[in-house]
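The following account leads the reader through one structure, from a single residue outward to the whole chain. Please keep the sequence and the three-dimensional view at hand.

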Amino acid sequence: MLFRSLHSSRKLQYLSMRCFSSAAPPLVLKLGDVLKKARVFTEEDVLQYSKVSHDSNPLHTDSAAARNVGFEGPLVHGMLVVSLFPNIISSHFPAAVYVSQTLKFKLPVYIGDRIVGEVEATNLRENKNRYLAKFKTRCFKNGEILVIEGEALALLPTLDYRAVEV
């Protein structure tokens, strides 16, 4: 069921009665909307993630080991990079529940690369007073080279979202 068909007159009345701290109308997620966040992953990020995840693969911490198998240098853990997706969703929709994620790792991400993660709403449907949202998920190196893609499913408490700086 598409977003435009979700609203009954009762829901529209509810939305119009909500109080917001600014005079601007609330932002409402609709199909095709893209939410983004940029990040540069540091050596410290990789070391901390290695400790927490217990992933001690030398490809992430040892330049010589990475170069010996054909990489330019140590790699950022793929799962650390894709942590951008739930971060984007939860920062726009506090109390969102991440349901699933599929991933295709296309190219390596190196320490110091500027990565832009984005989620694009591709399907929205009501589910027990919440919304099940399907997102196309992508990460780009330097804003243009696709390094990771997939799909995410999240349960959102509302389709109203907060604007957050990239």
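**From a helix end to the whole chain**

His-92 is located in helix α5, which comprises residues 84–92. The model is a predicted one, and every value discussed here should be read accordingly. His-92 has a relative accessibility of 5%, and it therefore counts as buried, since the limit for that class is under 20%. A polar atom of the His-92 side chain lies 2.9 Å from the backbone oxygen of Ile-88.

The setting of this helix may now be described. The protein chain contains 5 helices and 7 strands. Read from the N terminus, the order of these elements is α-β-β-α-α-α-α-β-β-β-β-β. The chain has 166 residues, of which 36% count as buried. Its accessible surface comes to about 9700 Å², and carbon and sulfur atoms account for 54% of that area. When contacts between residues at least 6 apart in sequence are considered, 70% of them join residues at least 24 apart.

The nonpolar interior comes next. The largest nonpolar core has 29 residues, and those that touch the most other members are Leu-29, Val-81, Phe-135, Cys-139 and Leu-156. At least two residues of this core come from each of α4 (78–82), α5, β4, β5 and β6. Strand β6 gives the most, with 5 residues. Val-81 offers a view of these surroundings: apart from neighbours within four places in sequence, Val-81 is in contact with Phe-41, Val-76, Val-109, Ile-115, Cys-139 and Ile-148. Cys-139, one of these contacts, is also among the core residues that touch the most other members.

Charged side chains provide a second theme. The count of salt bridges comes to 8. In one of them, Arg-138 pairs with Glu-118, and the closest N and O atoms are 2.5 Å apart. Arg-138 belongs to strand β5 (residues 130–141) and Glu-118 to strand β4, so that the pair links distant parts of the chain, 20 residues apart. How accessible are Arg-138 and Glu-118? Arg-138 has a relative accessibility of 16% and counts as buried; Glu-118, at 8%, counts as buried as well. Both values fall in the buried class because that class covers relative accessible areas under 20%.

Arg-138 also meets the side chain of Glu-120 in a salt bridge, with an N to O distance of 3.1 Å. Because Arg-138 lies in strand β5 and Glu-120 in strand β4, this pair ties together parts that are 18 residues apart in sequence. Both Arg-138 and Glu-120 are buried. Through shared partners, salt bridges join Lys-36, Glu-118, Glu-120 and Arg-138 into one network.

Glu-120 merits a further look within this network. Glu-120 has its place in strand β4, and its relative accessible area is 18%, so Glu-120 is classed as buried. If residues up to four places away in sequence are not counted, Glu-120 touches Gly-32, Asp-33, Val-34, Lys-134, Phe-135, Lys-136 and Arg-138. Phe-135, listed among these contacts, is also one of the core residues that touch the most other members.

Another salt bridge involves residues with greater exposure to be described in turn. The side chains of Glu-149 and Lys-106 meet at 3.2 Å, N to O. Glu-149 is in strand β6 (residues 145–156), while Lys-106 is in the loop between β3 (97–105) and β4 (114–127); the pair links distant parts of the chain, 43 residues apart. Are these two partners buried, partly exposed or exposed? Glu-149 has a relative accessible area of 24% and is partly exposed, and Lys-106, at 44%, is partly exposed too. Both receive this description because their values lie between the limits of 20% and 50%.

Lys-104 leads back to Glu-149 from strand β3, in which Lys-104 has its place. Its relative accessibility is 52%, so Lys-104 counts as exposed. Leaving aside neighbours within four places in sequence, Lys-104 is in contact with Val-147, Ile-148 and Glu-149. Ile-148 is thus a contact of Lys-104 and also a contact of Val-81. Finally, the C-alpha atoms of Lys-104 and Gly-78 are separated by 9.9 Å, the two residues being 26 apart along the chain.

Key
Residues are numbered from 1 along each chain as its sequence is written. This is a predicted model: local features need pLDDT of at least 70, side-chain atom pairs count only at pLDDT 80 or more; totals for chains, interfaces and linings use all residues. Side-chain values use heavy atoms; hydrogens and water are left out. Helices (H or I, at least four residues) and strands (E, at least two) are DSSP runs, numbered from the N terminus. Buried means under 20% relative accessible area, exposed over 50%, partly exposed in between (1.4 Å probe, protein chains only). Contact means heavy atoms within 4.5 Å. Accessible areas come from the Shrake-Rupley method with a 1.4 Å probe; for residues, only the protein chains shown count as cover. A salt bridge is a side-chain nitrogen of Lys or Arg within 4 Å of a carboxyl oxygen of Asp or Glu. A polar contact is a pair of N or O atoms within 3.5 Å; within protein, one must be able to donate a hydrogen and the other to accept it, and residues adjacent in sequence count only if both atoms are side-chain atoms. A nonpolar core is a set of buried Ala, Val, Leu, Ile, Met, Phe, Trp, Tyr and Cys residues joined through side-chain atoms within 4.5 Å.
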